[in-house]
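Dear colleague,

I am passing on the structure we spoke about, with the sequence alongside. Please have it open while you read the notes that follow.

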Amino acid sequence: AEGTIFTRAYSQGPSTSVSLPSMMTSKYSAQIPREASDYERQPVKKSVVTMAEIFSRAGYRTGAVVSQSYFSRNRQMDQGFQSYNTEQLPYYHGKGTPSWDPEQPYPLVAAAKNFLGQSHGQPFLLWVHIFEPHSPWVQRRPPHSFGTSVADLYDGELSFGQARAKEILDELQAQGLASRTVVIFAADHGTPLTQIRHGCLGHNLFVENLHVPLIIRVPGLPHRRAKDPVALLDILPTMVNLAQIEDNFDFEGISLVPSLMGQAEPDPGRIIYSENKPVGLSGCMLSSVISHGSQLIKDHTSNSLLLFDLDKDPTEQHNLASSRPGVARRLNKQLVASREQASRPILGEEVRAAMVSSLPAWVLFNPTHLAGGIELLGYSVYPQRASRGETVTMTTYFRATRPVGQRYSLLAQFRSPFSTLFEDAHEPVKGQFPTTRWPVGQIVRDIRVLKIKARDPVKAKILIGLTPVRDEAAEAAEAAEANTVFVGFLDVY
């Protein structure tokens, strides 16, 4: 009732490991250096400048009260926090199991109150993470029990978490701090309560995973509802702006202070970019843009597009990519540009690693011309005998003999006499090195992880080739057939 409610706020990723570091740095996930190549799950490097470090250097007392194992200190999310309380972590161990006790102590609120009680007039930054909206969900009695369905349990958890937040805000009022404290209420990602749609599993980019609550309450500013499309990337620039901290920051987000003051008109055309960045190449590798009330989701593995009208179809039931090709093309161009910007640091590292000077001695096959001035130089598969359900690593080597004017996906297939055991198509180097950018004569190495889905032992044919990126084709043209060549066998046992 006292804050600005941003009704169109979106996360930059559908999981905590992607979204929260992004929110704490105002950087896209792929721009944040991690300690290992499994950058979705590994700690951020200490060289990363976080929200807490910025405020600590500005003379603020910084504290965090966290509630889930992802925030244990070995994740290095504690960078810059002078106080980092993890007492709440054991509360969720075994949640939802018969042995879990919902009446056990809940230390999070007490820890937050304790931090507030020690402010002594010094400016502070306090981050409190309330985990209740995240599954698994249990039936709560106080303050409300809504029923036993999934949605009922979820509502009960929201109500329980809201009551805990109220206790902290009441303490802020009781200590006389509310009149000079900015309060920001947000979630790092959404939660789908319905069945997974359109074939993408896990943390996908449908709007229920990205649309989040965002309320910013600034003392002295009136309540309002803002329809501006905004990103969680915007939280840190807004905080720095409100605190009047001046430095040469390199944020990806923008300050929302003009919107908070009612001085900026909503920009419906702003591009809100999100990505899921899965580990490996065998799952859905997705990115998304939201603009002008529409969302485009691109599956970079299959080069497929999903287009939704969020105003008329807020639950995203109807894919309009075919019926609105002009909108799909426009948003896809914006997506390509946004993805390049969001992936720039890793793009440089991975592209440089993909450009090799020679072929290893164990590479199989002789050079074969495929299409568009591209040669297949060779490949390797490890292991060469694989059990059913096992993953194998395929490395392919290509070279452009002349400038390539068409974007191609690299295609790999394992075929039995009766079916295709696996098919994977993606643009080179996780979509970050399209064929149109290949230097003439340069050997390009591409690595993918493939999972064998055979039911019975079989000697599978290995086919490698190219297929045009379909969303680049003319509106009425049919996609060309894939250009593949048989290169060898894989024994599946």
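In what order do the three strands of the open sheet stand, and is the pairing parallel or antiparallel? Bearing in mind that this is a predicted model, the order is β3-β2-β4, and the strands pair in the parallel sense. Because β3 (83-85) and β4 (124-128) each have a single partner strand, they form the edges, and one side of each is left without a neighbour in the sheet. From one strand to the next the twist averages 10 degrees. Three bridges link β2 (residues 61-65) with β3, and A64 lies opposite Y84 in β3.

Turning to the interior, the largest nonpolar core comprises 34 residues, and F6, M51, F55, F71, W127 and L214 have the most contacts inside it. At least two residues each come from β1 (4-10), α1 (16-25), α2 (51-57), β4, β7 (214-217), β8 (224-231) and α6 (235-242). Beyond its neighbours within four places in sequence, F55 contacts Y60, T62, L125, L236, M239, V240, A243 and I245. A second, separate core has 33 residues, among them V351, L376, M394 and F433.

There is also an open sheet of four strands, ordered β9-β10-β11-β12 and paired antiparallel. Its edges are β9 (272-275) and β12 (304-309), each with a single partner strand, so one side of each lacks a neighbour in the sheet. Between β9 and β10 (residues 286-291) there are four bridges, and S274 has S288 in β10 as its bridge partner. Helix α8 (residues 325-342) packs on this sheet, touching β9, β10, β11 (294-299) and β12, and its direction makes about 115 degrees with that of β10.

With best wishes

Technical notes
Residues are numbered from 1 along each chain as its sequence is written. This is a predicted model: local features need pLDDT of at least 70, side-chain atom pairs count only at pLDDT 80 or more; totals for chains, interfaces and linings use all residues. Side-chain values use heavy atoms; hydrogens and water are left out. Two strands pair if DSSP finds at least two bridges between them. Axes are lines fitted to C-alpha atoms, for helices over the stretch in contact, and angles run from 0 to 180 degrees between N-to-C directions. A nonpolar core is a set of buried Ala, Val, Leu, Ile, Met, Phe, Trp, Tyr and Cys residues joined through side-chain atoms within 4.5 Å. Buried means under 20% relative accessible area, exposed over 50%, partly exposed in between (1.4 Å probe, protein chains only). Contact means heavy atoms within 4.5 Å.
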